Amino acid sequence: MSSVREEGKDKIIFVTKEDHETPSSAELMEEDPNDPYEDRGLILPSGEINWNCPCLGGMASGPCGTDFKDAFSCFHYSKEEVKGSDCLEQFRAMQECMQRYPELYPQEDEKSSSKTSQDSEAEASGANSTSASEQDSNTSQPDTESSAES
């Protein structure tokens with residue numbers, strides 16, 4: 001026989017083997033097509049932006065959320081021939097905000113440059129050990145050749 005226990009917002013259900021042998025009687029709730037908070041992708045059927053879309057990766061919240069929303073909205077609703085060309089000020093404001101919070105919004109250049117510098121250091125240490133072993137083998141080769149000639 002199953003047991004149910006509630007802890008705060010969580011509901012914990014323990015089931016037995018017998019519980020699993022019978023078909024489920026759970027009923028799925030039908031989605032409300034008018035619920036604006038339901039995950040429906042980036043653009044809602046109304047054409048509006050779904051700021052709750054997980055695809056935005058939280059960019060719509062946080063210290064630069066307002067700047068992000070302004071820039072993204074401008075781009076989305078832009079009617080210019082080159083879409084978004086009228087949004088440079090909004091994107092500049094967003095970028096400036098993100099630069100003030102590098103711990104929250106790391107720059108791609110910083111990520112790749114730190115990885116590149118780590119790779120370079122690894123290669124350099126590998127090259128140093130290779131060159132040292134090459135020096136050892138070069139040092140021993142003349143001795144071997146000279147002893148072979150004798």
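I began by fixing my terms: a residue is buried when its relative accessible area is under 20%, exposed when that area is over 50%, and partly exposed in between, with a 1.4 Å probe and protein chains only. I also noted that helices (H or I, at least four residues) are DSSP runs numbered from the N terminus.

I kept in mind that this is a predicted model, in which local features need pLDDT of at least 70 and side-chain atom pairs count only at pLDDT 80 or more, while totals for chains, interfaces and linings use all residues. Residues are numbered from 1 along each chain as its sequence is written, and side-chain values use heavy atoms, with hydrogens and water left out.

**Helix H3**

I looked up helix H3, which covers residues 88–100, and found that its 13 residues reach 19 Å from the first C-alpha to the last, close to the 18 Å expected at 1.5 Å a residue; the expected span is 1.5 Å times one less than the number of residues.

Which residues of H3 are buried? I found Met 94, Cys 97 and Met 98 to be buried. Seen down the axis of H3, the buried residues fall within an arc of 100 degrees, so they line one face of the helix; the arc is taken from the directions that run from the helix axis to the C-beta atoms. I noted the general rule that an α-helix has 3.6 residues a turn, so residues three or four places apart point the same way.

I then asked what covers these buried residues, and found that the cover includes helix H2 (65–77), where contact means heavy atoms within 4.5 Å. On the face of H3 turned away from the buried side, I found the exposed residues Leu 88, Glu 89 and Arg 100.

**Salt bridges**

How many salt bridges does the structure hold? I found three, each being a side-chain nitrogen of Lys or Arg within 4 Å of a carboxyl oxygen of Asp or Glu.

One of them lies in H3, where Arg 92 pairs with Glu 89 and the closest N and O atoms are 2.7 Å apart. Arg 92 and Glu 89 are three residues apart in helix H3, and therefore separated by about one helical turn. Arg 92 is partly exposed at 41%, whereas Glu 89 is exposed at 54%.

I next looked at Arg 5 and Glu 7, whose side chains meet at 2.8 Å, N to O. Arg 5 is partly exposed at 42% relative accessibility, and Glu 7 is partly exposed at 41%.

Last, I looked up Asp 10 and Lys 9, whose closest N and O atoms are 3.2 Å apart in their salt bridge. Here Asp 10 is partly exposed at 39%, while Lys 9 is exposed at 79%.

Methods: Helices (H or I, at least four residues) and strands (E, at least two) are DSSP runs, numbered from the N terminus.
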